[in-house]
Amino acid sequence: MLQWDLRYGTAVVAELISYVTDPLHRARVDATATEAWSRIAPLVDELPRQAVHLDLTDANVVVARRADSSPEPDGVIDFGDLSDSWAVSELAITASSVLGHPGSEPISILPAVRAFHAIRPLTTAEVDALWPLLVLRTVVLIVSGAQQASLD
């Protein structure tokens, strides 16, 4: 089971939730994961799979500067989490990274959604699963971060 593969997100949360020490925060994290999975579960058989990077985030996209100094994606690094999983997981993970930027809001993910859809059209099931997958990714990051903090 790969920790970053959202197909196993609830198992990762169950395994690591004890590292979230505040009982109220732990209960909220657990409830959020349960709610997200309740929206994903009915769709799992309809979600197309493909080879996925599972970590297309700011830390793993190499950026070059155009002549006008604006950034342009130029490459990808860190293929350690490469797997076969839901194609839409790739978008959910990238979108969660977008929301980590100061001043971002839910609509900030729309350029990423449009770009993904322009190259690889999303199915109806993928559209329905996208936000719950993004939420599940966030919960996985929270419990994983809590575990890492305890180890450090």
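**Exercise 1. Where is T57 found, and between which two strands?**

Before we start, note that this is a predicted model, in which local features need pLDDT of at least 70 and side-chain atom pairs count only at pLDDT 80 or more, while totals for chains, interfaces and linings use all residues. Residues are numbered from 1 along each chain as its sequence is written, and side-chain values use heavy atoms, with hydrogens and water left out.

*Solution.*
- Strands are DSSP runs of E with at least two residues, helices are runs of H or I with at least four, and both are numbered from the N terminus.
- T57 sits in the loop that joins β1 (49-52) to β2 (61-65).

**Exercise 2. Decide whether T57 is buried or exposed, and list its contacts beyond four places in sequence**.

*Solution.*
- Buried means under 20% relative accessible area, exposed over 50%, and partly exposed in between (1.4 Å probe, protein chains only).
- T57 has a relative accessible area of 13%, so this residue is buried.
- A contact means heavy atoms within 4.5 Å.
- With neighbours within four places in sequence set aside, T57 touches I93, S97 and R137.

**Exercise 3. Now step back: which pattern does the protein follow along its sequence?**

*Solution.*
- Count the elements: there are five helices and four strands.
- Put in sequence order, they read α-α-β-β-β-β-α-α-α.
- Add the contacts: of those with a separation of 6 or more, 74% link residues 24 or more positions apart.
- Finish with burial: 36% of the 152 residues are buried.
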